[in-house]
Amino acid sequence: MSAKMILISNCFCSKKTSSLLIITRRRSSILSANNATAVNFCNSRHIIPRRTKHKPSSQYHYIHKPSHQPLHRSSNKTKYFIISLTAFFTINAFGTYTHFHDNLFQYYPLPCAIDVGVGPSMLPTLTPNRGELYLRDVWSHRSFFGSNKREYKRGDVVTMYNPYSQSIVTKRIVGVEGDTIHLFGEYASEFCKREGDTDGGVPVDGRFNPPFCQSMQQDSFINDVNAKKRMGYNSEATMKVPPNHVWVEGDNPLESTDSRHYGPLPVSALRGRIVLRLWPMMSSGGFYRLSRERPSPFSK
């Protein structure tokens with residue numbers, strides 16, 4: 001009897017032990033399944049599981065990642081546009097201001113400038129009625145180039161500040177330092193012969209009355225001794241251009257106020273040389289380069 005009881009108790013214990021093992025295994029499989037589900041859920045929702053110190057290891061604390069929102073580039077574009085526009089107008093305002101001051105023009109920040117032809121004084125070279133745009137070289141004549149800088153030459157079309165009329169004008173250089181020029185202009189004798197003009201083609205300008213060529217106040221520059229004794233027009237009156245000065249005239253002498261009215265100008269008054277016509281372009285599609293040859297006012 002005791003033997004049977006022992007066998008029964010052993011069987012009962014073995015069954016109980018096996019049932020406990022089964023229950024334990026089921027619980028571990030459920031926990032592992034729950035953990036796998038939680039991890040998959042975290043990966044699908046971009047959630048990072050993090051263990052907490054005060055909670056059981058089977059529990060997780062879920063932290064959501066911040067979503068990446070698209071950058072608003074329109075605001076940056078507007079800011080850059082406003083900055084660029086402000087810099088453009090500031091540079092242009094400063095450049096315009098320096099054109100009226102010889103001591104400040106050396107700080108002009110741009111290597112070139114764009115000019116618009118205004119007035120009939122440079123016809124037919126510059127035609128203002130067509131809205132022509134011209135490229136002006138500013139830097140090649142600067143002193144910081146040293147010996148490589150380009151000197152102004154006879155025939156150059158230049159933009160300059162006229163201190164007598166206090167305006168920005170465009171003329172052609174007829175004479176440089178040391179050249180002998182005609183006081184009444186290069187074509188004065190031709191106007192006298194063809195047109196019968198007693199003033200040698202010098203137009204009347206109320207701001208210069210009498211003009212420089214008639215007043216002849218710069219006696220030290222005049223080589224013709226007889227011209228000093230005469231009053232009025234003398235097509236043969238000449239003078240030598242003083243150092244660091246230029247003699248300028250318009251290509252249309254009958255419509256130009258130039259050195260015939262106010263005399264030679266200092267080189268420091270020049271603001272650059274016009275080299276190209278940007279608009280309208282040539283029929284071939286290129287830019288028109290200005291010639292240094294002065295057209296005759298009598299050519300058709």
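Guide: A residue is called buried when its relative accessible area is under 20%, exposed when that area is over 50%, and partly exposed in between. The model shown here is predicted.

Visitor: Why is Asp115 called buried?

Guide: The relative accessible area of Asp115 is 13%. The limit for buried is under 20%, so Asp115, at 13%, is buried.

Visitor: What makes the side chains of strand 3 alternate?

Guide: Strand 3 covers residues 112-116, and its side chains point to two faces. Ala113 and Asp115 point to one face and are buried. Cys112, Ile114 and Val116 point to the other face and are not buried. Cys112 has a relative accessible area of 34%, and a value between 20% and 50% is called partly exposed, so Cys112 is partly exposed.

Visitor: How do you know that strand 3 and strand 4 pair?

Guide: Pairing needs at least two bridges between the strands. Strand 3 and strand 4 (residues 133-137) have 5 bridges, in the antiparallel sense, so the condition of at least two is met. Ala113 has Arg136 of strand 4 as its bridge partner.

Visitor: What makes the contact of Asp115 and Arg136 a salt bridge?

Guide: The cut-off is a side-chain nitrogen of Lys or Arg within 4 Å of a carboxyl oxygen of Asp or Glu. For Asp115 and Arg136 the N to O distance is 2.6 Å, and the side chains meet in a salt bridge. The two residues are 21 apart in the chain, Asp115 in strand 3 and Arg136 in strand 4. Arg136 has a relative accessible area of 3%, so Arg136 is buried too. By this rule the structure has 14 salt bridges.

Visitor: Why is the contact of Arg273 and Asp137 called a salt bridge?

Guide: The N to O distance of this pair is 3.8 Å, and the limit is within 4 Å, so the pair counts. Arg273 is in strand 11 and Asp137 is in strand 4, so the salt bridge ties together parts that are 136 residues apart in sequence. Both residues are buried.

Visitor: What makes Arg294 and Glu249 a pair that ties parts of the chain together?

Guide: Arg294 forms a salt bridge with Glu249, with the closest N and O atoms 3.0 Å apart. Arg294 lies in the segment after strand 12 and Glu249 in strand 9 (residues 245-249), so parts 45 residues apart in sequence are tied together. Arg294, at 14% relative accessibility, is buried, and so is Glu249, at 2%. Through salt bridges that share partners, Arg294 and Glu249 belong to one network with Arg172, Glu186 and Asp251.

Visitor: How many disulfides does a search of the whole structure find?

Guide: The search finds 0 disulfides. A disulfide would need a pair of cysteine sulfur atoms within 2.5 Å. Among the cysteines, Cys192 has a relative accessibility of 35%, so Cys192 counts as partly exposed.

Visitor: Why is the pair of Phe88 and Phe89 called edge-to-face?

Guide: Ring centres must lie within 6.5 Å, and planes over 60 degrees apart count as edge-to-face. The centres of Phe88 and Phe89 are 5.5 Å apart and the planes are at 75 degrees, so the pair is edge-to-face. Phe88 is partly exposed, at 48%.

Visitor: How do you know that Phe100 and Tyr161 are edge-to-face?

Guide: Their ring centres are 5.7 Å apart and their planes are at 70 degrees, so this pair is edge-to-face. Phe100 sits in the loop between helix 2 (73-98) and helix 3 (102-105), and Tyr161, 61 residues apart from Phe100, sits in strand 5 (residues 157-162). Phe100, at 35%, is partly exposed, whereas Tyr161, at 12%, is buried. The structure holds 8 aromatic pairs, and ring pairs link Tyr164, Phe208 and Tyr262 into a cluster.

Visitor: What makes Met281 partly exposed?

Guide: Its relative accessible area is 36%. That value falls between the limits of 20% and 50%, so Met281 is partly exposed. Met281 is in the loop between strand 11 (270-279) and strand 12 (288-289). Together with Ile114, Val116, Val118, Leu133, Trp279 and Phe287, Met281 makes a nonpolar surface patch of about 720 Å². A patch residue needs over 30% relative accessible area, and Met281 has 36%.

Visitor: Why is Gly175 called buried?

Guide: Gly175 has 0% relative accessibility, so Gly175 counts as buried. Gly175 is found in strand 6 (residues 167-175). From Gly175 to Lys153 the C-alpha distance is 8.1 Å, with their positions 22 residues apart in sequence.

Definitions and conventions
Residues are numbered from 1 along each chain as its sequence is written. This is a predicted model: local features need pLDDT of at least 70, side-chain atom pairs count only at pLDDT 80 or more; totals for chains, interfaces and linings use all residues. Side-chain values use heavy atoms; hydrogens and water are left out. Patches are made of residues with over 30% relative accessible area and no salt bridge: like charges are joined within 9 Å, nonpolar side chains (Val, Leu, Ile, Met, Phe, Trp, Tyr) within 5 Å. Accessible areas come from the Shrake-Rupley method with a 1.4 Å probe; for residues, only the protein chains shown count as cover. Helices (H or I, at least four residues) and strands (E, at least two) are DSSP runs, numbered from the N terminus. Buried means under 20% relative accessible area, exposed over 50%, partly exposed in between (1.4 Å probe, protein chains only). Rings of Phe, Tyr and Trp (its six-membered ring) pair if their centres lie within 6.5 Å; planes under 30 degrees apart count as stacked, over 60 as edge-to-face and the rest as tilted.
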